[in-house]
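Welcome! Below is a short guided walk through one protein model, taken a few places at a time. Keep the structure open beside you as you read.

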Amino acid sequence: PSTPRHTNRLINEKSPYLLQHAHNPVDWYPWGQEAFDKAKKENKVIFLSVGYSTCHWCHVMEEESFKNKEIGEIMSKNFVCIKVDREERPDVDKVYMTFVQATSGGGGWPMSVWLTPDLKPFVGGTYFPPEDGVHRVGFRTVLLRIAEQWKENKDALLENSQKILEALLHRSEIRVQGQESPPPSKEVMTTCFQQLSSSYDEDYGGFSESPKFPTPVNLNFLFTYWALHRTTPEGARALQMALHTLKMMAHGGIHDHIGQGFHRYSTDQHWHVPHFEKMLYDQGQLAATYSRAFQISGDEFFADVAKDILLYVSRDLSDQAGGFYSAEDADSYPTTTSREKREGAFCVWTAEEIRALLPDPVEGAAEGTTLGDVFMYHYGVKETGNVSPMKDPHQELKGKNVLIVRSSPELTAARFGLELGQLGVLLQEGQQRLSTARAQRPRPHLDTKMLAAWNGLMISGFAQAGAALAEQGYVSRAAQAAAFLRKHLFDPTSGRLLRSCYQGKDNTVEQSAVPIQGFLEDYVFVIQALFDLYEASLQQEWLEWALQLQHMQDKLFWDPKGFAYFSSEAGDPSLLLRLKDDHDGAEPTANSVAVTNLLRAACYSGHTEWVEKAGQILAVYSERLQKIPIALPEMARANAVFHHTLTQVVICGDPQGEDTKEMLRCVHSIFSPNKVLMLADGDSAGFLHRQLPFLASLERKDGKATAYVCSNFSCSLPVTSPQDLRGMLCP
């Protein structure tokens, strides 16, 4: 690569997304005091551009506008230009996205917002093409018009921005109304189930026509609904909806059949043609969800998909020090000599390529049948490509194939007269060869930023899979990542989490000059991860840290007047609003997960005020939970757990004893949404015994590992056989 012509301040940043813009001919600033001071001193409008490294339209706007010297000059001359990575600063992103959605009716990234020097927004949008078109005004025109308006009508703009801010404050306030209490569980569960059921796609699974998103929050709700209604037709349907969706996703093109893991979402109804970026938060949640599907159904198919996801993350998203990277991009160079990147280039195939890689004749099949024929039939490969032009507006996938399982192994085997076992071997050989060939292609960009929240989701994925699949290696990987968080994303002196750290030179882990403090979602997902890791490993250090973090979360984010937690802490003058989210989307919203965390924390500590807080969060969202619970499926699930009270499953025994391990395996093999597991190892000086004095009264029967099932700290009769325990946990 030639020496870059331009370099701006972003060269000193750590975020891979900001570094991608360090050579734009734009005088970019990172979000911070230096930029704010310049805007005030020179009385200039701030142009704020927010995106993230795997965002396709962010790349497009950069190519078209931010790399254009002339547009760069207009930007730098008239505005103070600030670039933000929304994954580093979700707080800044949410404030201005609230404004863009309120004023334009839509939102998304790249987000483009113009602010007064005191950071109040007055114009906003998303992607702008560089020049005026028939239907859209171009970025250059918008820049010049706003600069002109600021010169001519500054006072009107300032006044308007103040009004907008007041309206936003009013609109975005989420607080408890009067004497609200948590909504009744039965009604909320029924409404949420009915809303999911009516939007369910009977043929292909999922909950919309297209695009289709994995939304693990919906599937986890359905599993809990099933567990509480096992004997009813609705319960059976809930389970069928969840398992069918997981099966169709695993067969689809959204699942990377050669490189493992899942892409972001499908552009069509069939889970076929995805947007190809791979996000850590999807892998973490899906690994946990597929593990639960295996726990419930006993079908090895789901266990294999969970293993496939964890293989991908271990191989491609893992830092040597133990943390997990954020994402892999969708766009890459088709070949080492290509000049421009294409979406999906790393993952798609022509029929010709596959034929050339798999020419071997197949024994036992009809004369002339090659491995390529069998592979192409099974994965829906067509000579002219299998992507509909409707799903490929830029013709990037013309003549290419996105692999999708189009036929069951039985049908493929029958079609070629093969044994099932033989077919499995052939398909595996095909995958292996394609994987080797793909390794020669230029890889997509890897975002090596490591975020506390997403690492938390991934630790939960490894821990839950380790427990449900009885794979100790996964539990160890989760513990390694938790130790990484404690070392690199936690400040022991203040007791606070940090948001992010970065892969440095020579595989070191780096921190930015001024570390970004953790947000609510960082605390919530890390606390959830530590509880999951404790249940999988029974190492009490993780429990102790989880409870410390829960206290800190209460201190930093709890709203004592309106209840529930704010997404960001108080005291940052550059944040105009402290918001609370109210939507479980690609990731569950932090308050939803906080409800379950608080209930678990109370079980492990005996602090009943945590149960009270959980109830207060549910009260805040009560109206929404009763009207449109489909917007908050994770909170609807937590509401059911709140009303059913958590069951404490206590195993008294020697952690190393075979009888103890057998009891633990029994607990891990059962899906029960309202149980917490603890091991009473008889060490009265240990953390758990100090927290819960009632454990001292539980003893081992006849010296054997003994289980007690307790609710509100009163316990059942002791049992010493896994069969009896299973009977108590599966009513």
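Which residue stands opposite L446 in β12? It is E328. Please keep in mind throughout that this is a predicted model.

**Two small sheets**

That pair belongs to strand β9 (residues 327-328) and strand β12, which pair in the antiparallel sense over 2 bridges. Together with β8, these strands form an open sheet of 3 strands in the order β8-β9-β12, again with antiparallel pairing. At the edges stand β8 (278-279) and β12 (446-447); each has a single partner strand, so one side of each is left without a neighbour in the sheet. As background, strands of a sheet pair through backbone hydrogen bonds, either parallel or antiparallel.

Another open sheet of 3 strands follows the order β13-β16-β17, and its pairing is antiparallel. Its edge strands are β13 (449-451) and β17 (509-510), each of which pairs on one side only. Between β13 and strand β16 (residues 500-503) there are 3 bridges, and the two run antiparallel. If you would like a spot to look for, L451 stands opposite S500 in β16.

**Around strand β20**

Now move along to strand β20 (residues 706-711). Is this strand mostly covered or mostly open? It is mostly covered, with 5 of its 6 residues buried. Strand β18 (residues 647-652) pairs with β20 in the antiparallel sense over 6 bridges, and β20 is also joined by 2 bridges to strand β21 (residues 714-715), antiparallel once more. C710 is a handy landmark here: Q648 stands opposite C710 in β20, and C710 in turn stands opposite C715 in β21. β20 and β21 form a hairpin with 2 residues between them. In the turn, N712 has a positive phi of about 50°.

Here are the strand pairs visited so far, side by side.

| Strand pair | Direction | Bridges |
|---|---|---|
| β9 and β12 | antiparallel | 2 bridges |
| β13 and β16 | antiparallel | 3 bridges |
| β18 and β20 | antiparallel | 6 bridges |
| β20 and β21 | antiparallel | 2 bridges |

**Two pairs of helices**

Helices come next. How do α19 and α20 lie against one another? The axes of helix α19 (residues 520-537) and helix α20 (residues 540-557) come within 9 Å and cross at roughly 160°. Angles over 145 degrees count as roughly antiparallel, and that makes α19 roughly antiparallel to α20. The crossing of α19 past α20 is left-handed. Residues making the contact include L520, Y523, I527 and F531 of α19, and W542, A546, L549 and Q553 of α20. By class, this contact of α19 with α20 has 18 nonpolar, 4 polar and no charged residues.

I527 is a good residue to pick out in helix α19. Its relative accessible area is 0%, so I527 is buried. Setting aside residues up to four places away in sequence, I527 touches A546, L549, Q550, Q553 and N597. I527 and W542 are 15 residues apart along the chain, and their C-alpha atoms are separated by 9.1 Å.

The other pair is helix α9 (residues 216-228) and helix α11 (residues 280-297), whose axes come within 10 Å and cross at roughly 25°. α9 and α11 are therefore roughly parallel to each other. α9 passes α11 in a left-handed crossing. On the α9 side, P216, L219, N220, F223 and W226 take part, meeting Q285, L286, T289, R292, A293 and I296 in α11. Sorted by class, the contact of α9 with α11 has 7 nonpolar, 3 polar and 1 charged residues.

**Two residues in loops**

To finish, look at two loop residues. Where is N674? N674 sits in the loop between α25 (658-668) and β19 (675-680). With a relative accessible area of 14%, N674 is buried. Leaving aside its neighbours within four places in sequence, N674 is in contact with V641, H644, T645, L646 and T647.

G385 is found in the loop between α14 (371-378) and α15 (409-416). Is G385 buried or exposed? At 11% relative accessibility, G385 counts as buried. Not counting residues up to four places away in sequence, G385 touches G399, K400 and N401. From G385 to Y290 there are 95 residues in sequence and 30 Å in space, C-alpha to C-alpha.

Notes: Residues numbered from 1 in each chain as written. Predicted model: local features only at pLDDT ≥ 70, side-chain atom pairs only at ≥ 80, totals over all residues. Heavy atoms only, no water. Axes fitted to C-alpha atoms, helices over the stretch in contact; angles between N-to-C directions. Helix = DSSP H or I, 4+ residues; strand = E, 2+ residues; numbered from the N terminus. Parallel < 35°, antiparallel > 145°, perpendicular 65-115°, else oblique. Left-handed = near helix turned anticlockwise from the far one by under 90°. Contact = heavy atoms within 4.5 Å. Nonpolar A, V, L, I, M, F, W, Y, C, P; charged D, E, K, R; others polar. Pairing = 2+ DSSP bridges. Buried < 20%, exposed > 50% of the residue type's maximum accessible area, 1.4 Å probe, protein only.
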